[in-house]
Each structure stands twice: as structure tokens, then as C-alpha cells.
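Take a first look at the model below. Then read on for its overall form, its cores and two unusual backbone angles.

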Amino acid sequence: MQLDTRAQTLLKALVERYIADGQPVGSRALSKISGLDLSPATIRNIMADLEELGYVASPHTSAGRVPTPRGYRIFVDTLLTVQPIDERDVESRLRPQAQPPQKLIATAAQMLSSLSQFAGVVMSPRRESAFRQIEFLRLGEKRILLVIVAPGGDVQNRLLLTDVDYTPSQLQQSANFINQHYSGLAFDEVRTRMQGELRQLRDDMGRLMQAAVEAGSEAMAEAGEDMVISGERNLLSVSDLSSNMTSLRQMFDMFEQKTGLMQLLDVSSKASGVQIFIGGESTLVPLDDMSVVTAPYEANGRIVGTLGVIGPTRMAYERVIPIVDITSRLLSNALSQN
């Protein structure tokens, strides 16, 4: 349902006041802060309509109202006025010439945390699961070093312990076969395609190549997505998140296990611009009183990861949104210049 101008103004005033002081907002307060020339009875009627629509709720302990997840959603999507921040205040921290990529990512997470006073998170760039070529190096009897070269030039090494003592010629023949037939593919796809294509080779050669594919797949998985989190302890001072032990355990379980947070950041990487995930509305956020503000970042025009701020639902979105947006753009620029 489309809210009229008066309802939007009152909802905006209520959310802003609640974010500022954390107390339910009554009709008398709204009549003073909204700037509308309305009688208290009219304001009460509009607030009753907003409550019926699910945008606000009345706590049992007060006659005032608080925003619901649905109320926060309409606020951040249509009513919020974002406050600009000076990029020069943060740009000097992400100088590409001074830091390698992983250091830039850690710096971005710390910057998100220090600027927002909540937790900053950056999902590291995805490593490519495909390979450009492999090599086998004989280290000794039944000991082979598998060298995996990714399309971007990254190199992973794995030690293979075999039942057969392969000659350098056999190792070269096996590497040539894999590179000729499967270069550019992901190891999982190679595993599937290889099933029916190795009958033409000797059994021991086939076993070597299958071992290489399994080791390569494990190497790429271990070197895959990871994340840097900074400032988790800032959330301990947020009463909305730390007021009960159950919420506290859920919050730190999320940081420790990372799986759910990784899923949320992965969803964000498929969208453009800043995304806001509100607890109680998004099943990806484990706590009703938690929100996550995210944005993807790029390297050389290609999205490679996601960053964001984790904080209470009652956060100053008008500040956090530009912090996330600017950090995303600065990290993209820094990584593209490396």
C-alpha cells in the first residue's frame, strides 16, 4: 500500500527518533518533531493505520511505538536522506602503491569498523576454480609435486604420494594429456568428463591423473573464498545486540562459523550497489535486531568480492550507507591499480 505524504513524514520522524535514542516514540513527540500541523488525534489515527499495516509496533511497556523490520525497510528504501561524507577522510588509507591486495582488504575491513563503530567485513576475492595448466615434478620414489597454474597466474602446489614410481616421461605424458584436453575447465568438471576418457590410457596413468584432479579440486577449495572481519567487539557495547546471552551466542556463532555470513555476502555480490539486509525480514540475518549493509567491489571491471558493515537494526543508516559505498569504490580503485 502506498503511504500518503503525512504518513511517510510521521514514519520517517519516528524511525529517526527511535534510531537516535532507542525509546518508543509517542504521538506527542511526533507532533513536535515531524513539522506537521496536525492534531494529536489525527497523529494517533495515522499511527494506528501504520501499525495495522505492519510498519510500527507498540511495546507492552509503553504507549509509544517502534519501527518493525517492514518499517525499517520502507525507511531505507524510500524515506532515507543519506549524509555525504568526505572521501578524502578515507582515501589516504587505501593507497594501492603502499599495500599488497590482502593488506588492502584487511585495511578496508578495519576502516569500515572504525568509521561505523560497528563490525566491518570484507569477503576476499574469489580465486578462480579453473586451471590453465598443471605440471608433475618427481621429488623421489613415489613422491610427486603437483603444480597448478590458475588462469590469472596464481600457483598452488600439492604433494602426491603414489603406489607407482612414475618416470619423468610418464609424468610429462600425463600432464600433456590433462593440459590438452581440460585446460580452462574447473577440476570438478574435469572429474566428470574424465570418467569415460581414460580407458585409452594405462590404468596406472589414469590413477595418477585422477589423483591430480582430486588434489587440484581440494587445493582450489582451500584457497577459495575467505573473509576478513574487524571490530566484532564493538557490537558488545550495542545493547540491542548484547542484552541477552542467546542473542550474544548467535551473533558470535555467526562470526565463528562464517557460513551464513558468507552466503549473505555472496547474495550481495550478485546485485549492484549498496544492499541492506534487515533482521526479522531477511532469513539471511540470524538476529532480529541486526542489520547488514553491503556492497560488491571490483578489480579491473569485474566483481571479485563483497564488503559491508554489521550492526544493530537501530543504526544510523544515513551514515553507514555512504561509508560502505565509498569504501567499495576506493577498494575497487586500489585493487584495479595493483
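What is the accessible surface of the protein chain, and how much of it belongs to carbon and sulfur atoms? The surface comes to about 17,000 Å². Carbon and sulfur atoms hold 46% of that area. Keep in mind that this is a predicted model.

**Overall form**

The protein chain has 13 helices and 10 strands. Its C-alpha atoms fill a box of roughly 90 × 40 × 35 Å along the principal axes. Now compare two radii of gyration. A compact globule of 338 residues would have a value near 20 Å. The protein chain has 27 Å.

How many of the residues are buried? Of the 338 residues, 46% count as buried. Contacts also reach across the sequence. Take the contacts with a separation of 6 or more: residues 24 or more positions apart account for 60% of them.

Charges come next. The protein chain carries 33 positive and 39 negative side chains. The centres of these two sets lie 3 Å apart.

**The cores**

The largest nonpolar core has 77 residues. Which members touch the most others? They are Leu11, Leu50, Val122, Leu235, Ile310 and Tyr317. Helix H13, residues 317-337, gives this core its largest share, with 10 residues.

There is also a second, separate core. It has 24 residues, including Leu160, Phe177, Val190 and Ala219.

Go back to leucine 11 for a closer look. Set aside its neighbours within four places in sequence. Leucine 11 is then in contact with Leu3, Leu50, Tyr55, Val56, Gly71, Ile74 and Leu79. Leu50 appears here as a contact of leucine 11, and Leu50 is also among the core members that touch the most others.

**Two positive phi angles**

Most residues other than glycine have a negative phi. Two residues here have a positive one, as the table shows.

| Residue | Phi | Loop between |
|---|---|---|
| Glutamine 117 | about 70° | helix H6 (101-116) and strand E3 (119-123) |
| Lysine 142 | near 65° | strand E4 (133-140) and strand E5 (143-149) |

Glutamine 117 sits in a loop that runs from a helix to a strand. Lysine 142 sits in a loop between two strands. Why does lysine 142 count as partly exposed? Its relative accessibility is 35%. Partly exposed covers the range between under 20%, which is buried, and over 50%, which is exposed. So lysine 142, at 35%, counts as partly exposed.

Terms used: Residues are numbered from 1 along each chain as its sequence is written. This is a predicted model: local features need pLDDT of at least 70, side-chain atom pairs count only at pLDDT 80 or more; totals for chains, interfaces and linings use all residues. Side-chain values use heavy atoms; hydrogens and water are left out. A nonpolar core is a set of buried Ala, Val, Leu, Ile, Met, Phe, Trp, Tyr and Cys residues joined through side-chain atoms within 4.5 Å. Buried means under 20% relative accessible area, exposed over 50%, partly exposed in between (1.4 Å probe, protein chains only). Helices (H or I, at least four residues) and strands (E, at least two) are DSSP runs, numbered from the N terminus. Contact means heavy atoms within 4.5 Å. The radius of gyration is taken over C-alpha atoms; the globule rule is 2.2 Å times the number of residues to the power 0.38. Accessible areas come from the Shrake-Rupley method with a 1.4 Å probe; for residues, only the protein chains shown count as cover. Lys and Arg count as positive and Asp and Glu as negative; His and the chain ends are not counted. The place of a charge is taken as NZ of Lys, CZ of Arg, CG of Asp or CD of Glu.
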